[in-house]
Amino acid sequence: MAIESISSTKCFDGQQQQFQHHSEVLNCTMRFAIFLPPQAENAQKFPVLYWLSGLTCTDENFSQKAGAQRMAAELGIALVIPDTSPRGDDVADDESYDLGQGAGFYLNATQEPWKQHYRMYDYIVDELPRLIEANFPVNERRALAGHSMGGHGALVIGLRNSERYQSISAFSPICNPMACPWGEKAFAAYLGADRLSWEEYDTTVLIGRAVDQLPILVSQGDADQFLEQQLKPHALETAAEAAGYPVQVEHHTGYDHSYYFIASFIEQHLRFHADYLLKH
């Protein structure tokens, strides 16, 4: 479980850090960012919010653009931001932005040439938390959040592993990937032609199968250029209502798909998670 430091920067009296490690699950070197609140100097252990980023992103987009560190420092919550896919010269890739490196979709691939590396689901659920909890002053209280493809990942992983998390939130998530171009392309490549296997990674299906109900907050801008074709939040609302699952979906007038939207409401999301992460 060895990690190698890449950088460390003081931020709101805490530390914004970047590390790399060899991932056994993904069979490559992976990078992640972590923000530790200032109280870390007092050997206090913090709950963790895992942030899953969207298509084309790395561990740096959220760290640099969302402005989440101020509120995380105030609340006493650690932030962990993994990369969005395996990377490296030996890792399968595609020329398009929505498949391959930068587009892991937080699933376990079963098809060639992807299955040797593309197991982001197992990485996020198991390997990364074990690494974080072995090397940093954090406890086992976890929450998930994400944006777009990462919002899809947060919802799917949280719904399938409700015993591991206290809460879930998402900005502009891909809610119904089985029925949108991004999801259909990725699922066909990574999972193959059997659409039954796709259901394990579609929030609108999983929410109807959920036994335990975690608190879920979804924020969606109505000026998002991907709203109707790719994201389909109304499909999530319909599925949640049919399942009797209380999902809080907020529609925000004039906001698009960018990090300006995330920065505008990240404080609300962190306070939402704090209500559950900081309870004992």
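Two strands are said to pair if DSSP finds at least two bridges between them. With that term in hand, the tour of this predicted model may begin.

**First stop: strand E6.** Please select residues 138-147, which form strand E6. This strand is mostly covered, as 7 of its 10 residues are buried. As background, side chains in a regular strand alternate between the two faces of the sheet.

**Second stop: the neighbours of E6.** Add residues 46-52, strand E4, to the selection; E4 and E6 run parallel and are joined by 6 bridges. One place to inspect is Phe-46, whose bridge partner in E6 is Val-138. Next, select strand E7, residues 168-171, which also runs parallel to E6 and is joined to it by 4 bridges. Here Gly-146 has Ala-170 in E7 as its bridge partner. To follow the chain from E6 to E7, display helix H4, residues 149-160: the chain crosses through this helix, and the β-α-β crossover is right-handed.

**Third stop: the nonpolar cores.** Which residues touch the most other members of the largest nonpolar core? Within this core of 68 residues, they are Phe-105, Ile-124, Leu-128, Ile-132, Ile-157, Phe-187 and Tyr-190. Now select helix H3, residues 120-135, which gives the most to this core, with 8 residues.

Centre the view on Phe-187. Leaving aside residues up to four places away in sequence, Phe-187 touches Phe-105, Leu-107, His-152, Pro-177, Met-178, Gly-192, Trp-198 and Tyr-201.

Finally, another core of 26 residues lies apart from the largest one. Its members include Phe-62, Leu-79, Ala-145 and Phe-265, which may be selected together.

Methods
Residues numbered from 1 in each chain as written. Predicted model: local features only at pLDDT ≥ 70, side-chain atom pairs only at ≥ 80, totals over all residues. Heavy atoms only, no water. Buried < 20%, exposed > 50% of the residue type's maximum accessible area, 1.4 Å probe, protein only. Helix = DSSP H or I, 4+ residues; strand = E, 2+ residues; numbered from the N terminus. Right-handed = clockwise from strand over helix to strand, strands pointing away. Core = buried A, V, L, I, M, F, W, Y, C linked by side-chain atoms within 4.5 Å. Contact = heavy atoms within 4.5 Å.
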